[in-house]
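Biologist: I'd like to learn how to read burial and helix packing in a model. Could you walk me through an example?

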Amino acid sequence: MTIPGPKLSAFQLDFTFQDGVGASVCGFCAADRKAAVAAGFLDLETQDFGALTDGLLIDRRFAGLLSLACLTEDGAVFLLGGCVHPAGAQTSCGGVLGLPGMAPQSAREGLTPLTLPQGLRVSLLLRPGIGGAAFFCRDPREEALVARALEERFPQADSLQLLYEKAAGFLWILDFRPGDPLLNGRCLAYLPD
């Protein structure tokens, strides 16, 4: 399987909003614009996130800020995920995953196909209140195997290991819940060169 469009690169970075709220962001972007994409997200450090406590408002605020950061390098980010770590969160929240610039929506449980703007098809698994993963495999049979395993085991560590072993690329996003060692607001991006 050849990845369509421009050469892709994975990015992943942590930053802190001006008011002390920590965040992580990851995704797939055009390889030749990776440094500019990272700089756009780091510019969010000059913004206040806000003292929100409602999970839905936290998710929507974060998604909106990430979309704003993508505008500086319009069209360079093909798939985006991240998590914000608000201290006052009342529920699991803060994880976002999808296409930049799309209106934020509450996650619907399950596995769905998603075609990225440059033509790559990924499988998107969402678990409301837990997180999600987006992945693609070079072999459709491998992709079906990974999809079944993730539907049963996400977000267990063995499902992350399976993605490293079988997927040609993936994003892994966990929601944040204060005091929960599993829902720690972690995000990962993997795309071998």
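Modeller: Gladly! Buried means under 20% relative accessible area, while exposed means over 50%. Keep in mind that this is a predicted model.

Biologist: Is L114 buried or exposed?

Modeller: L114 is buried, because its relative accessible area is 16%. This leucine is found in strand 5, residues 110–115. Beyond its neighbours within four places in sequence, L114 is in contact with L79, L99, L120, R121, V122 and L124.

Biologist: Which residues are buried in helix 4?

Modeller: Start with the general idea. An α-helix has 3.6 residues a turn, so residues three or four places apart point the same way. Now the case here: S159, L160, L162 and L163 are buried in helix 4. They lie on the same side of helix 4 because they cover an arc of only 155° around the axis. A157 and E165, on the other side of helix 4, are exposed.

Biologist: What do the buried residues of helix 4 pack against?

Modeller: Their partners are helix 3, strand 7 (131–136), strand 8 (169–174) and strand 9 (187–190).

Biologist: How do the axes of helix 3 and helix 4 cross?

Modeller: For a pair of helices, angles over 145 degrees count as roughly antiparallel. The axes of helix 3 (residues 140–153) and helix 4 (residues 157–166) cross at roughly 170° and come within 9 Å. The two helices are therefore roughly antiparallel to each other, and their crossing is left-handed.

Biologist: Which residues meet there?

Modeller: From helix 3, E142, L145, V146, A149, L150 and R153 meet D158, S159, L162, L163 and K166 of helix 4. Six of these contact residues are nonpolar, one is polar and four are charged.

Technical notes: Residues numbered from 1 in each chain as written. Predicted model: local features only at pLDDT ≥ 70, side-chain atom pairs only at ≥ 80, totals over all residues. Heavy atoms only, no water. Axes fitted to C-alpha atoms, helices over the stretch in contact; angles between N-to-C directions. Helix = DSSP H or I, 4+ residues; strand = E, 2+ residues; numbered from the N terminus. Parallel < 35°, antiparallel > 145°, perpendicular 65-115°, else oblique. Left-handed = near helix turned anticlockwise from the far one by under 90°. Contact = heavy atoms within 4.5 Å. Nonpolar A, V, L, I, M, F, W, Y, C, P; charged D, E, K, R; others polar. Buried < 20%, exposed > 50% of the residue type's maximum accessible area, 1.4 Å probe, protein only. Arc of directions from axis to C-beta.
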